[in-house]
Amino acid sequence: MSPVADGGGLPAAYLRTGSSSFTDFVAEHEPHLIPSRRGLPPGATIDAPHGTTIVTVTFDGGVLMAGDRRATMGNIIANRDMEKVFATDEFSVVGIAGTAGLAIELVRLFQVELEHYEKIEGTLMSLEGKANRLASMIRGNLGMAMQGLSVVPVFAGYDHQHGLGRIFSYDVTGGCYEEHDHHSVGSGSLFARGAMKKLYRPDMTSDEAVRVAVEALWDAADDDSATGGPDVGRRIWPTVALVTADGARFIPDDTVAPVVDAIITHRHGNAGGRRDGADA
Amino acid sequence: MTAGMPFYVSPEQLMKDRADFARKGIARGRSVVVLGYDHGIAFVAENPSRSLHKIGEIYDRIAFAAVGKYNEFENLRVAGVRYADLRGYSYDRSDVTARGLANAYAQTLGTVFTQESKPYEVEIVVAEVGQDSEADQIYRLTYDGSVADERGLVAMGGASDQIEERLTEQWRPGLTLAQALQLAVAGLAHDPSGGPDRNLGADSLEVAVLDRTRSRRTFRRINGDILGSLLSDEDPTDDVPPVDHDSPRQAASNPQTQRHGDEPTPDAD
């Protein structure tokens with residue numbers, strides 16, 4: 001089925017007054033394009049690449065999100081330079097853990113959802129509105145999640161109304177929870193969370209937040225085989241995105257590399273990253 | 001008993017009546033001018049409303065402008081956004097073109113014109129900004145589904161013929177944005193019945209551009225002080241200031257390939 005009747009005019013559904021939601025429009029008009037509408041045969045399970053650890057942390061004036069670059073399939077490294085943190089619109093980012101293929105498709109749909117709303121309504125959706133839209137997409141994926149294909153995102157954005165960066169986490173049933181200060185999802189998240197608890201300070205600068213996030217990913221990679229540490233040989237660094245009142249942007253690799261180098265130096269002969277004296 | 005037409009009406013007469021009806025509806029409204037400038041395509045509408053737009057963003061490099069009945073062209077605009085977003089989602093963002101959308105609109109307008117109880121009282125422009133002004137595309141569609149591929153400048157609405165005639169004499173490729181906007185406003189302000197020109201300030205105008213210097217989403221509304229400076233003769237401003245913070249991602253549909261400045265990994269084996 002072609003998405004647009006070629007040679008014909010716009011299908012009647014396009015001209016119908018409806019909601020400003022792209023997902024609702026697609027679900028009604030081209031349901032096969034909705035990622036969560038594809039069921040697996042009952043009882044079947046498949047191996048598919050899984051994305052691993054995402055960390056997110058607030059700082060003075062915004063919020064930061066970073067992710068390692070590894071995807072695994074069982075004991076195999078399926079991909080070593082996968083992107084798992086994405087700009088969803090001008091003022092928000094999403095990071096994903098779980099079944100990579102589904103998660104990326106979901107992000108793609110979510111990006112169009114936000115832009116579609118913005119164009120139809122002529123205004124940006126509120127940050128909580130975006131967080132809720134993402135929750136409903138995750139909820140729609142519950143059937144797949146029960147067959148092992150779960151997607152667990154973490155969402156962060158700049159809230160213009162309150163003038164600060166905010167973090168939202170999700171569970172597989174679509175529950176949406178606001179997190180304070182910092183959060184992490186994915187297989188290495190327990191270790192990353194532990195690290196962030198010790199490293200986080202209120203009112204950090206964005207540079208300090210980059211260091212905290214990259215170091216938390218380091219700790220996740222240290223103890224979780226599915227999380228990839230910075231790959232110095234291939235020069236593959238974590239993806240790091242910042243959201244402030246000016247918008248979302250990615251930190252270029254040549255800014256992340258020195259942060260990684262500083263951590264490597266600090267951890268030399270101090271594998272756990274112990275802080276003594278002045279850095280405590 | 002009285003279902004159907006009581007008297008015979010020739011197809012010619014029927015089409016003429018419909019066309020007259022649509023033209024009258026369109027002529028009642030205020031005009032819109034779409035014109036090329038050095039860095040893109042500018043859209044200028046006489047429209048005192050801040051919220052009921054005549055100009056809208058369709059996709060990364062495509063915009064829409066319309067005159068006529070608001071509910072009808074708004075319906076078409078929304079359909080265009082749905083068409084573009086669904087196509088870009090199914091294929092890639094670069095596969096969404098103004099030509100494809102103009103064809104779809106033409107079919108729709110043509111079908112409504114011949115088959116529905118009344119034609120749409122609208123005239124629309126679908127424009128796509130290219131890498132340079134040679135590659136810019138401006139399509140004008142009328143109520144009966146006719147499409148024209150226009151070069152440089154289009155006027156639609158009330159006195160569009162006179163406006164277009166006046167402006168075509170003065171328009172040339174490579175105008176700055178300020179020159180293009182001043183030209184368009186002079187055209188809109190001119191009274192076709194010979195009276196003095198009206199005074200159209202920034203408050204009574206809706207202005208937007210497709211700015212080819214921007215990455216990904218090139219559509220940008222221009223209002224307030226920036227519009228005032230661009231329209232002023234004394235002010236040296238001749239283009240919108242570049243945005244220091246552009247789209248955080250590149251124009252790819254696949255999230256894996258849309259991070260800015262992401263070079264291929266040097267050694268991926």
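1. Let's start with helix α7 of chain A, residues 206-223. At 1.5 Å a residue, its 18 residues should span 26 Å, and the end C-alpha atoms are indeed 26 Å apart, so the helix agrees with expectation. Bear in mind as you read on that this is a predicted model.

2. Much of α7(A) is covered. The buried residues include a run from Val212(A) through Ala213(A), Val214(A), Glu215(A), Ala216(A), Leu217(A), Trp218(A), Asp219(A) and Ala220(A) to Ala221(A), along with Ala209(A) and Val210(A). Note that Glu215(A) and Asp219(A) are in that buried set. What do the buried residues of α7(A) pack against? The partners are strands β2, β3 (62-67), β11 (182-185) and β12 (239-244), plus helices α6 (189-199) and α8 (253-267), in chain A.

3. One of those partners, β12(A), deserves its own point. Five of its six residues are buried, so to speak of it as mostly covered is fair. On one pairing, β12(A) runs antiparallel to β3(A), with six bridges joining the two; Ala66(A) has Val240(A) as its bridge partner there. Strand β12(A) also runs antiparallel to β13(A), this time through four bridges, and Leu242(A) is partnered with Arg249(A). A hairpin of two residues makes the connection between β12(A) and β13(A).

4. Staying with β13(A), have a look at Gly247(A), which sits in that strand. Is Gly247(A) buried or exposed? It counts as buried because it has 20 C-beta neighbours inside 10 Å, and the cut-off for buried is 20 or more. Gly247(A) and Ala192(A) are 55 residues apart in sequence, and their C-alpha atoms are 26 Å apart in space.

5. There is another hairpin in chain A to check. Strands β9 (residues 164-170) and β10 (residues 176-179) of chain A pair in the antiparallel sense over four bridges. Ser169(A) finds its bridge partner in Tyr177(A) of β10(A). Five residues lie between the two strands, and in this hairpin Gly174(A) takes a positive phi near 95 degrees.

6. Now for the annotated residue. The UniProt annotation "active site", from an unreviewed entry, covers Thr52(A). Where is Thr52(A) found? Its place is the loop between β1 (50-51) and β2 (54-59) of chain A. Although it is in a loop, Thr52(A) counts as buried, because it has 28 C-beta neighbours inside 10 Å. Setting aside neighbours within four places in sequence, Thr52(A) is in contact with Asp68(A), Arg70(A), Thr72(A), Ala97(A), Gly186(A), Ser187(A), Gly188(A), Ala226(A) and Thr227(A).

7. On to the interface. Here 35 residues of chain A are in contact with 30 residues of chain B. On the chain A side, the elements giving two or more residues are α1 (12-15), α2 (22-29), β6 (85-89), α3 (100-121) and β13 (247-250). The largest share, eight residues, comes from α3(A). By class, that side of chain A has 19 nonpolar, six polar and ten charged residues.

8. The largest nonpolar core has 159 residues, and Ala213(A) and Val44(B) are those with the most contacts inside it. Helix α3(A) gives the largest share of this core, eleven residues. Ala213(A) is also one of the buried residues of α7(A). As a rule, nonpolar side chains in soluble globular proteins tend to be buried together.

9. What does Val44(B) touch, leaving aside neighbours within four places in sequence? The contacts are Val32(B), Val33(B), Leu181(B), Ala184(B), Val185(B), Leu188(B), Leu205(B) and Val207(B).

10. Several of those names lead to helix α5 (residues 177-189) of chain B. It has 13 residues and reaches 18 Å from its first C-alpha to its last, close to the 18 Å expected. Leu181(B), Ala184(B), Val185(B) and Leu188(B) are among its buried residues. The cover over the buried residues of α5(B) includes β1 (32-37), β2 (40-46), β8 (153-156), α4 (160-170), β9 (205-211) and α6 (224-231) of chain B.

11. Last, Val185(B), which is placed in α5(B). Why does Val185(B) count as buried? Because 24 C-beta neighbours lie inside 10 Å. Not counting residues up to four places away in sequence, Val185(B) touches Val44(B), Leu200(B), Leu205(B) and Leu231(B). Val185(B) and Val32(B) are 153 residues apart in sequence, yet 9.7 Å apart in space, C-alpha to C-alpha.

Methods:
Residues numbered from 1 in each chain as written. Chains lettered and ligands numbered in written order. Predicted model: local features only at pLDDT ≥ 70, side-chain atom pairs only at ≥ 80, totals over all residues. UniProt positions renumbered as here; feature names shortened; annotations may be inferred. Buried ≥ 20, exposed ≤ 12 C-beta atoms within 10 Å, placed from the backbone. Contact = placed C-beta atoms within 7 Å. Nonpolar A, V, L, I, M, F, W, Y, C, P; charged D, E, K, R; others polar. Expected span 1.5 Å × (residues − 1). Pairing = 2+ DSSP bridges. Core = buried A, V, L, I, M, F, W, Y, C linked by C-beta atoms within 7 Å.
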